[in-house]
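Okay, thanks for making time, everyone. I'll put the structure up, and then we can walk through the strands, the packing and the charged pairs.

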Amino acid sequence: MRLQRLLAFFKENGAMATVRLFRTKLGAAVAGRPVLNRIPAGSVIAGVSGPPGTVDEIARLRFPNLQPLPTYLIPKPSLSRITLVTDSIGKGSLFGGVGTALLFAAQLANRRNATLRIVTRTEAPSPKNASQILSAYGIQLLHEVQFAFAPVASGVSESGSATPHAIGLDISADETFVTTSWWTTAALLPSVPHTSIIYLLQEDERMFYPFGEERVQCEWILHRQDIRFVINTQLLFDHLVANGMEQLKRNGLWFEPAFPRSLFHERQREPGGKKRLFFYARPNNPRNLFHIGLEVIDRAINRGILDLDCWEIFLVGKDIPKVTFGDGYLPTRCEGLDWKTYADLVGTIDLGLCLMCTPHPSYPPLDLAASGSVVVTNKFANKQDLSNYSQNIICAELETEALVDALGAGVVLVRDKEARKRNFAANGLSRDWARSLEATLQSLVIER
């Protein structure tokens, strides 16, 4: 069994990493520390069963982030507190949903004259990153922000059995918790009053999974009657209600995101420079249809729709492989951008291709449209037309040829400067987060 694990490690990580592993193990042996990791009870490693485990131990090993978050009660503080629970506010996690969660929780804290606490579960929180987001949007907290790290349990005790993390999170009786996923919600449900939870739902999270246990457990959380939901966009709200979440009519609210002009605006470019194409590239997020997008761009180049003498291509996202288009053109890959660098890049783009195989429009198409770009995206379920946000957003059927044709229409619109400018001037995108969240925050304050 140990040999099988070693061979698997070698195949995945290569010779140099295997040598480093041997050096680490040798150092542990010299220092008198354990060399071999314990096999968790109830686990199956490389097809070989480890020690037997209880049903609870096996479940904890399979779904560690669903373990109840340990908490302990403290006396009621002078100010109430809003606690945001999310996986990470690391540099690579801040865009889109996590950034929105920070803005929402901060506005809710100010509205209730409460302190804001940010709790992360997969990596220690970075105060600098949180400050960057809030300052970028011009949001000042009335009170000092607090941070806490409540890591997901490793699941293995000295005896080899699964066990929850020993450190607990302090909570008070009147605290409100903003959760950011079905799994952070599931971890809090056994630990805090259900009425204190506000689940900020920004996608149909069932679509993250094939049919199986994760999807079923997600479905259970999404159908809860005893927590409040806040949904990102009316489009997503309507989809969820139409697909089984009737309770949202009673315990759900929705808002539209905002794109302040201070961040999202057209940037000055060199006269006579090439046009720029932005492709939202996240190969490890299946809903972003990475390989379909590559095929669409490649066909557009090979057919002369995108003339590389006139266009340069930017792949923006995470974990992007090196790829060439056409006769060997190498696009620019952009990863790990901070918030301002991302906004600066978006402000130089002429045409975007942003695919999202879910009902939510996703943020990049809206970021681009708010900055003056033309955008091509795909239709899905009730996401058939996004012209209410901007007439510069072209929605195409989710089929390769239809997307290539839409990209061609996008190129034509980019060249028609007057039409593009006219469409931009008529944008329906909100520019003010305070205004976007006003009705939602007012309802939450009244309900309290």
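**Starting from one bridge**

So, let's start small: L351 has V374 in strand 16 as its bridge partner. Before I go on, this is a predicted model, where local features need pLDDT of at least 70, side-chain atom pairs count only at pLDDT 80 or more, and totals for chains, interfaces and linings use all residues. Residues are numbered from 1 along each chain as its sequence is written, and side-chain values use heavy atoms, with hydrogens and water left out.

Back to that bridge. Strand 15 (residues 351-353) pairs with strand 16 (residues 374-378) over 3 bridges, in the parallel sense. When I say pair, I mean DSSP finds at least two bridges between the two strands. Strands and helices here are DSSP runs numbered from the N terminus, with E and at least two residues for a strand, H or I and at least four residues for a helix.

Both strands belong to an open sheet of 6 strands, paired in parallel, in the order 14-13-12-15-16-17. At the edges we have strand 14 (332-335) and strand 17 (393-396), each with a single partner strand, so one side of each has no neighbour in the sheet. On average, neighbouring strands in this sheet are turned by 20 degrees against each other, direction ignored; the axes behind that angle are lines fitted to C-alpha atoms, and angles run from 0 to 180 degrees between N-to-C directions.

**Zooming out**

The protein chain has 15 helices and 17 strands. Of its 448 residues, 49% are buried, where buried is under 20% relative accessible area, exposed is over 50% and partly exposed is in between, with a 1.4 Å probe and protein chains only. Contacts are heavy atoms within 4.5 Å. Among contacts with a separation of 6 or more, 69% are between residues 24 or more positions apart.

**What's packed inside?**

Which residues touch the most other members of the largest nonpolar core? That core has 59 residues, and the answer is F104, L108, Y137, F278, V316 and W433. Helix 4 gives the most to this core, with 9 residues. By nonpolar core I mean a set of buried Ala, Val, Leu, Ile, Met, Phe, Trp, Tyr and Cys residues joined through side-chain atoms within 4.5 Å.

Take L108: leaving aside neighbours within four places in sequence, L108 is in contact with I82, V178, I198, L441 and L444. There's also a second, separate core of 33 residues, which includes L277, V296, W311 and V411.

**Charged pairs**

Now salt bridges, meaning a side-chain nitrogen of Lys or Arg within 4 Å of a carboxyl oxygen of Asp or Glu. The count comes to 20 salt bridges. One of them joins E438 and R111, at 2.6 Å from N to O. E438 lies in helix 15 (residues 433-447) and R111 in helix 4 (residues 97-111), so this pair ties together parts that are 327 residues apart in sequence. E438 is partly exposed at 32%, and R111 is partly exposed at 34%.

Then there's E401 with R303, closest N and O atoms 2.7 Å apart. E401 sits in helix 13 (residues 400-415), while R303 is in the loop between helix 10 (290-302) and strand 13 (311-317), 98 residues apart.

And one last thing to look at on screen: R81, R117, D170 and E175 are linked in a network of salt bridges.
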